[in-house]
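I opened this notebook to record what I looked up in one structure. The entries go from the whole chain to single residues.

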Amino acid sequence: APLLLFCFLTIVAIFGAADSAVGWAVVRKFVLFAIMLLAANLIASRKHMMILYQGLFLVSGVAALVAAGQLVVRYAKVRELHPDQIYYQMAFEQRVTGFMGHWMQFGGQQMLIFAALAAFLLLGRFRRPLWWGVCGLIAASIVFGLTRGVWLGAFAASVYLLARWKPRWIAVLPVLLLAGWLVAPSILRERVHNALNPSGDPALSIRLEMWQVGLRMIRAHPWLGVGPNNIVPEYPLYLPPGKSPIIGYHGHLHNNFLQLGAERGLPALAAWLWFMGALAWHFWRARRRAGWMADAALAAWLAIIVEGFFEFNFGSSQV
């Protein structure tokens, strides 16, 4: 019901947009929801499900190896061509993408699969060295992917799974983070340092501007928003008078909640929140019969929600 309501209100918002033609592109994404429902009904047994999960883990591990190769090649190229811009190039121009076309898609996928594999290992008790190795590869691809929203999402999933496995291990996380900080390469330290200084980080300063623009859009159009895919042409109209937008990508607002509210209005945002809440509730109720798989779904859900405060990951078809 909430998913259908969200789709219906999205279509209503298209008719209320300044440019309705560009909005219809989002309707094509509705087929993704049908694909998920059909795929779930094609799973014949628990054994079949296990094979699918393990295949997914292995493919993600291979993607992590591809990303490692990309990291080595791109870092060498940057050192040769831009020795004085290593951080900027690696953080904003040359991030690893695995099999994907963009690092956000790659990072989001690795984050979700990491959540499932961690549940598989900790709660499913499938602790063969192979799977620990694959988990390590995926975790490394997340770290060196340099996408901080993905870091936060994976961390949230880890905290949830540790709480479900052995809660006392949560106390060890700060020690592990401190140890990681001490041995981390300088580029990782700088990435963390810049996250604490938004004014000095282009990725964060542009987000702060976007979020303010999104709030103004919602205040001006609370019922239908400015229309799907209308953020770009409408964006300058919601900046303070005489201010030009910060140079960067303005195709969306880098926040699930503000994006859906600004694009499609508060009713559509409420339907989406209902949908996400319903998913979490059903995952939670399924824990007794589904075991670690339900916890994998909850961990992945939590990762999407947390990363979604800093990225419009619900708008990425791959994720």
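The entries below follow the order in which I consulted the model.

**Entry 1. Overall form**

I note at the outset that this is a predicted model. I looked up the secondary structure and found 16 helices and 0 strands. I then asked how the radius of gyration stands against that of a compact globule. For 319 residues such a globule would have a radius near 20 Å, and the protein has 21 Å, so the two agree. Along the principal axes, the C-alpha trace spans about 55 × 55 × 35 Å.

I next looked at contacts along the chain. Of the contacts with a separation of 6 or more, 72% are between residues 24 or more positions apart.

**Entry 2. Surface and charge**

I recorded that 45% of the 319 residues count as buried. The accessible surface comes to about 16600 Å², and carbon and sulfur atoms hold 70% of this area. For the charged side chains I noted 26 positive and 12 negative, with the centres of the two sets 17 Å apart.

**Entry 3. The nonpolar cores**

I asked which residues have the most contacts inside the largest nonpolar core. They are Phe57, Leu117, Phe120, Trp272 and Trp292, in a core of 59 residues. Helix H6, residues 103-122, gives the most to this core, with 12 residues. Apart from this core lies another, of 14 residues, including Ile206, Trp211, Val213 and Ile231. As background I wrote down that nonpolar side chains tend to be buried together in soluble globular proteins.

I then followed Trp292 in detail. Beyond its neighbours within four places in sequence, Trp292 is in contact with Arg46, Met50, Tyr53, Ala116, Ala119, Phe120, Leu123, Gly124 and Phe126.

**Entry 4. Helix H5**

I looked up which residues of helix H5, residues 86-93, are buried. They are Tyr87, Gln89, Met90, Ala91 and Phe92. These buried residues pack against H4 (46-81), H6, H8 (148-165), H10 (186-195) and H11 (202-220).

**Entry 5. Two positive phi values**

I examined Arg125, in the loop between H6 and helix H7 (129-143). Phi of Arg125 is near 60°, a positive value in a residue other than glycine. I asked whether Arg125 is buried or exposed. Its relative accessible area is 59%, over the 50% mark, and therefore Arg125 is exposed.

I then turned to Leu146, in the loop between H7 and H8. Leu146 has a positive phi of about 65°, although it is not a glycine. With a relative accessible area of 4%, under the 20% limit, Leu146 counts as buried.

**Entry 6. Val226 and Ala13**

I located Val226 in the loop between H11 and helix H12 (231-234). Val226 is buried, at a relative accessible area of 5%. I asked which residues Val226 touches, not counting those up to four places away in sequence. I listed Ala17, Ala18, Met217, His221, Ile231, Glu234, Tyr238, Ala262 and Glu263. The C-alpha atoms of Val226 and Arg128 are separated by 51 Å, and the two residues are 98 apart along the chain.

Ala13 is in helix H1, residues 2-15. Its relative accessibility is 0%, so Ala13 counts as buried. Setting aside residues up to four places away in sequence, Ala13 touches Leu224, Gly227, Pro228, Glu263 and Arg264. I noted that Glu263 is listed for Ala13 and also for Val226. From Ala13 to Pro267 the C-alpha distance is 10.0 Å, with their positions 254 residues apart in sequence.

**Entry 7. Lys77 and Ser317**

I found Lys77 in helix H4. At 46% relative accessibility, Lys77 counts as partly exposed. Its C-alpha atom and that of Leu162 are separated by 39 Å, the residues being 85 apart along the chain.

My last lookup was Ser317, in the segment after helix H16 (292-307). Ser317 is partly exposed, with a relative accessible area of 34%. I asked what Ser317 is in contact with, leaving aside neighbours within four places in sequence. The contacts are Lys29 and Leu32. Ser317 and Ala171 are 146 residues apart in sequence and 36 Å apart in space, C-alpha to C-alpha.

Note on methods. Residues numbered from 1 in each chain as written. Predicted model: local features only at pLDDT ≥ 70, side-chain atom pairs only at ≥ 80, totals over all residues. Heavy atoms only, no water. Core = buried A, V, L, I, M, F, W, Y, C linked by side-chain atoms within 4.5 Å. Buried < 20%, exposed > 50% of the residue type's maximum accessible area, 1.4 Å probe, protein only. Helix = DSSP H or I, 4+ residues; strand = E, 2+ residues; numbered from the N terminus. Contact = heavy atoms within 4.5 Å. Rg over C-alpha atoms; globule rule 2.2 N^0.38 Å. Areas by Shrake-Rupley, 256 points an atom, 1.4 Å probe, with all protein chains shown as cover. Lys, Arg positive; Asp, Glu negative; His and termini not counted. Charge placed at Lys NZ, Arg CZ, Asp CG, Glu CD.
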